[in-house]
Amino acid sequence: MNRPISRRDFFDGIAVGALGSTVVLGTAEKAEAPQGAAFRPEPSVWRGDTAQALSVPHALRDGRFWKLAGTPEPTGESYDLVVVGGGPSGTSAARQWLRRHPGARVLVFDNHDELGGRARREAFCTGRPDGVMCDAETFGADTLVRMTSDWIARLPIAWRARRDLRMLHEDPPDWFPGLGPRAKQERLAELTYSRFLLEVCGVHPDAERFCRTMSSGAWAYDTRAFGAIDAWAGGYPGFGGLGLDRSEPSRYNSPTVKRAWSAAAGRPSGDGPVVPMRLGSPVVSVRDGAESATVGYFDGDRVMTVEAGAVILACWSAVIPHLVPDLPAAQRQALSQAVRVPVLHATVRLRDGDAWRRAGVRRVRWTGAYWCLTCVEPSGDVRMLATPCRSELGPEPGSVAGRRKLARTPYGHLERTVRDQLARLLGPVGFDPARDVEAITIDRWGHANAIEYCRPWHPFYPDGPFPADVARRRFGRIAIAGSDSVPAARGDAAVTAASLAVADLAGEPAR
Ligand SMILES: Cc1cc2nc3c(=O)[nH]c(=O)nc-3n(C[C@H](O)[C@H](O)[C@H](O)COP(=O)(O)OP(=O)(O)OC[C@H]3O[C@@H](n4cnc5c(N)ncnc54)[C@H](O)[C@@H]3O)c2cc1C
């Protein structure tokens, strides 16, 4: 049983399919990491949640790992704190610990070969689109509409839909006359934005189809999942006649809407103590003991263990029951409920960056094509975003279904869709994807952002009780952090979760 094993032994059928189409994998699998490396796209690379990175977590999930893994071997190392997960939450937990205990021995494990979790790429495609591609997938033919004055008149949609969009933007009525502000907010909290448009405003279906991807950039799901109450707070069209005070959020707004999205807060920075990282090293077991906790990780050949005075689990919550099977059943169940929404990013280096200037747009939203946002960065690189969540099913089931489909989608298909959409957007101004694309890097994040509690999907919100409160309970020397434990898909929430876990281990009362 002690023969060396490789990640390849753990690949499941889906992952092998995806790997088979991988052109180049990332850097060395296992490394003690430098922090904050700059990123440039490389020719045809697939990164993020690669089959390589997920082979061990998936084998654990499917009960295959321990059949092959052999007996764990101690490395002889001992740490004051071991952190599982090198995203913003894990690195922040390690830094906060080191600030409290200078000189402490701390080690962070991550299954990926890069530092930084989901936040390792710059936030991109921020700001409002200056163009909308009313695409063939939605309206039968591609029409790029620049968002200059009277753009509604130029939309290639039914005239009734144009009339309805104008009404939504310029002069929407009070859809709930006779109701007070609180009752109006309650009505909005029961609806998605798509249902609000279709059922309350009664707009032409083309108008709803035109709006559908408005939420995809920020939420990674479209308006069939995005709540009307959050759309109201975000200034989406259609709410102006309700007379609701927008200076304050509604109690039904999800946490990120209540607290403005903070671009910088909580992102891993170079500040603070240096945190030792062991990358490409998925943790496979965490056991609390009388003197210390034992943390097992896969080093690429075999399972090794280190001892820890305390452990902070800042990985995905759904992984934790597989790492700590001794947890109480209710906590295991609550942890398993934490689903993350999948996201894809493409970074494309062009030979002909001038095509964008000729096209006269910088940030384009697509109404129904695979990649829903396309933008050009000041560096000249193009960034594209795809959100595979099947929004019509709701955030959690839609994410699960979308991730399954994504796992079966080969790199070659994604690369073709990138080239196809760039050709459709920039071809009319002389861009040739065969000639002008120099490099494409695709980051596949099957488990990207924590799904936060939101209406209409979580009826227990905002009054509770919340599954996350059960999920993040401390278990002996083991505390739980990570944005899933809040849950919210913001860097600052990941840092808050780290503070709570560090305070929890110090025996400080919850704030
Ligand atoms: C493109 C993008 C842009 C964003 N921009 C912003 C922004 O501008 N502002 C903002 O506030 N938020 C932003 N976010 C959201 C923010 O990055 C995430 O909410 C944040 O990364 C969550 O941090 P985390 O530490 O909880 O999880 P993660 O970043 O997911 O880190 C958890 C880590 O644990 C690892 N892991 C899982 N299982 C194991 C295991 N068994 N062993 C070892 N490691 C394991 C995972 O691989 C992962 O690296 C952005 C997200 C994305 C995807």
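**Reading helix α4 and Leu-242**

Mentor: The chain in this predicted model has a secondary structure that comes to 20 helices and 15 strands, and of its 511 residues, 51% count as buried.

Trainee: Among contacts between residues at least 6 apart in sequence, what percentage join residues at least 24 apart?

Mentor: In this chain the figure is 73%.

Trainee: How should I read a single helix, and what span does α4 reach from its first C-alpha to its last?

Mentor: One can set the span of a helix beside the span expected at 1.5 Å a residue. Helix α4, which runs over residues 88-100 and has 13 residues, reaches 18 Å, close to the 18 Å expected.

Trainee: Is α4 mostly covered or mostly uncovered?

Mentor: Helix α4 is mostly covered, since ten of its 13 residues are buried, among them Pro-88, Gly-90, Arg-95 and Trp-97.

Trainee: Which elements do the buried residues of α4 pack against?

Mentor: They pack against the strands β2 (73-84), β3 (106-109) and β9 (303-313), and also against the helix α20 (491-505).

Trainee: Turning to a loop residue, where does Leu-242 lie, and why does Leu-242 count as buried?

Mentor: Leu-242 lies in the loop between α11 (228-233) and α12 (255-258). A residue counts as buried if 20 or more other C-beta atoms lie within 10 Å of its own, and Leu-242 is buried because 20 other C-beta atoms are within 10 Å.

Trainee: Which residues does Leu-242 touch, not counting those up to four places away in sequence?

Mentor: Leu-242 touches Asp-174, Trp-175, Phe-176 and Lys-184. Although Phe-176 is 66 residues apart from Leu-242 along the chain, their C-alpha atoms are separated by 7.1 Å.

Notes: Residues are numbered from 1 along each chain as its sequence is written. This is a predicted model: local features need pLDDT of at least 70, side-chain atom pairs count only at pLDDT 80 or more; totals for chains, interfaces and linings use all residues. Helices (H or I, at least four residues) and strands (E, at least two) are DSSP runs, numbered from the N terminus. A residue is buried if 20 or more other C-beta atoms lie within 10 Å of its own, exposed if 12 or fewer, and partly exposed in between; C-beta atoms are placed from the backbone. Two residues are in contact if their C-beta atoms, placed from the backbone, lie within 7 Å. The expected span of a helix is 1.5 Å times one less than its number of residues.
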